[in-house]
Amino acid sequence: MNETPSGLAEMRSQMTTLGAQLRWGADLFLPERGGPAGEILVCGMGGSGITGDFLSAVAATQGRRTSVHKSYGLPGWAAREKPSITVVSYSGDTAEALSSWRSALELGLSVTVVTSGGELGEKAAGAGHRVVMVPGGYQPRSALGYGLSAVLRVAAEAGVISDPRPSLEEAASIADGLSGVEGGGMALASELAAAMAGRMVGVYGSSPLTAVAAQRWKTQINENAKRTAFWAALPEATHNEITGWDFPAGLAHSRVGLLALRDRDEHPGVSSRFGHLQTLIADRVSWTGEVWAQGSSPVARLISLVAVGDLFSLELARLAAADPMRVELIDRLKERMTPPPDSRADTPRAF
């Protein structure tokens, strides 16, 4: 029997709070915004930055558009278009997020910062920018509910999306029912994880909702289970990726497992492609299951997939005796990127 890693129980405990985090966001009091609103550009990395992808998916269901930036500085069009900037960094010390904030400050853009503190929280407050403080003490990836609900509330206040509070309440109830303390999602997660024994995990979604959910599943598998994974979205994957299962012959069928994330509002053409695709490549790669989104609102349906995916990543971690709390390679890269004490004081720190 594999030894249970010490961080497994702690990560599971953090994940049980997803519903409470979403309720926190529904009740959030937003500080007054300084400056005019414009198109929203969300800047951030990893478990913080994915809140921008979730916002884009939700906005798309309402016929609206938002943008996401996951790098240093700001995209070249920001100086011309002057979007309203939301910088999300749970730690407050993410190098790329600090760089984006500095660029927004130099351009005189309207800025909202979502963080639990750190250098970003301190400097943004000192510059007079709006700072939304979220509770600390979590891994950034297990604090998704805080960051996402705050970003949705900021977007709604700017008129980009409708009031998300009813959907946040629905999503919180679904999260409690799946990944809460007495949630019932573990049985499905365990079944999927058992089917993936010894396999690389591929997660297929579609636009707009289940694609970002597939991305979340992939990164949770990476960080929690220390396991290589990939994600793709239909219909695009049926125009290129599916031809790649021919070589090496037979390897994918025994070593790769595909999961499909489905939603009731997916395009009929996508629904048809899922069915045909499973039949056409059944002899090349193994399909190990599909998960359908639950709930009424887009936010709730996204969270239902998040909750199952989080549990799935923990089950993979348990089976491999991997510690979900440790991210050794990220920490080592952070050390390499951190400037020495005698370097320029304004050089941004990593992560």
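The side chains of Asp246 and Arg284 come together in a salt bridge, with N and O 2.5 Å apart. Keep in mind that everything here is read off a predicted model. This pair ties together distant parts of the chain: Asp246 sits in the loop between β7 (229-234) and α11 (251-255), and Arg284 in the loop between α12 (268-280) and β9 (286-292), 38 residues apart. Asp246 counts as partly exposed, at 44% relative accessibility, and Arg284 is partly exposed too, at 30%.

**Other salt bridges**

How many salt bridges does a search of the whole structure find? The count is 19, and two further examples are worth a look.

Take Asp263 and Arg301 first. Their closest N and O atoms are 2.6 Å apart, and the two form a salt bridge. Here the link runs from the loop between β8 (256-262) and α12, home of Asp263, to helix α13 (residues 298-320), home of Arg301, across 38 residues. Are these two partners buried or exposed? Asp263 has a relative accessible area of 6%, so it falls under the 20% cut-off and is buried. Arg301 is buried as well, with a relative accessible area of 3%. There is also a wider arrangement around them: salt bridges that share partners join Asp263, Arg264, Asp265 and Arg301 into one network.

Then there is Glu39 with Arg65, a salt bridge whose closest N and O atoms are 3.6 Å apart. Glu39 belongs to the loop between α2 (18-26) and β1 (40-44), while Arg65 belongs to the loop between α3 (46-61) and β2 (67-69); the two are 26 residues apart, and the pair links distant parts of the chain. Glu39 is partly exposed, with a relative accessible area of 25%. Arg65 is exposed, because its relative accessible area of 64% is over the 50% cut-off.

Here are the three pairs side by side:

| Pair | N to O distance | Relative accessible area |
|---|---|---|
| Asp246 and Arg284 | 2.5 Å | Asp246 44%, Arg284 30% |
| Asp263 and Arg301 | 2.6 Å | Asp263 6%, Arg301 3% |
| Glu39 and Arg65 | 3.6 Å | Glu39 25%, Arg65 64% |

**Backbone oddities**

Back to the loop between β7 and α11, which holds Asp246. Pro235 lies in that loop, and a cis peptide bond with omega of about 15° joins Leu234 to Pro235. Pro248 has its place in the loop between β7 and α11 as well. The peptide bond leading into Pro248 from Phe247 is cis, with omega near -5°.

Why flag these bonds, and the phi values below? Because most peptide bonds are trans, and most residues other than glycine have a negative phi.

On the phi side, Lys82 is not a glycine, yet its phi is positive at about 55°. Lys82 is found in the loop between α4 (78-81) and β3 (84-89). Ala321 also has a positive phi of about 55° without being a glycine. The setting for Ala321 is the loop between α13 and α14, and at 35% relative accessibility Ala321 counts as partly exposed.

**Helix packing**

Helix α13, which carries Arg301, packs with helix α10 (residues 209-225) at an angle of about 25°, their axes 9 Å apart. That angle is under 35 degrees, so α10 is roughly parallel to α13. Which hand does the crossing of α10 and α13 have? The crossing is right-handed.

**A surface patch and a buried leucine**

Which residues form a nonpolar patch on the surface? They are Tyr72, Leu333 and Met337, and together they have about 290 Å² of accessible area. Met337 lies in helix α14 (residues 328-337). With a relative accessible area of 42%, Met337 is partly exposed.

For a contrasting case, look at Leu98 in helix α5 (residues 95-107). Leu98 is buried, with a relative accessible area of 0%. Leu98 and Val88 are ten residues apart in sequence, and their C-alpha atoms are 9.6 Å apart in space.

Conventions
Residues are numbered from 1 along each chain as its sequence is written. This is a predicted model: local features need pLDDT of at least 70, side-chain atom pairs count only at pLDDT 80 or more; totals for chains, interfaces and linings use all residues. Side-chain values use heavy atoms; hydrogens and water are left out. A salt bridge is a side-chain nitrogen of Lys or Arg within 4 Å of a carboxyl oxygen of Asp or Glu. Helices (H or I, at least four residues) and strands (E, at least two) are DSSP runs, numbered from the N terminus. Buried means under 20% relative accessible area, exposed over 50%, partly exposed in between (1.4 Å probe, protein chains only). Patches are made of residues with over 30% relative accessible area and no salt bridge: like charges are joined within 9 Å, nonpolar side chains (Val, Leu, Ile, Met, Phe, Trp, Tyr) within 5 Å. Accessible areas come from the Shrake-Rupley method with a 1.4 Å probe; for residues, only the protein chains shown count as cover. Axes are lines fitted to C-alpha atoms, for helices over the stretch in contact, and angles run from 0 to 180 degrees between N-to-C directions. Angles under 35 degrees count as roughly parallel, over 145 as roughly antiparallel, 65 to 115 as roughly perpendicular and the rest as oblique. A crossing is left-handed if the near helix is turned anticlockwise from the far one by less than a right angle, and right-handed if clockwise.
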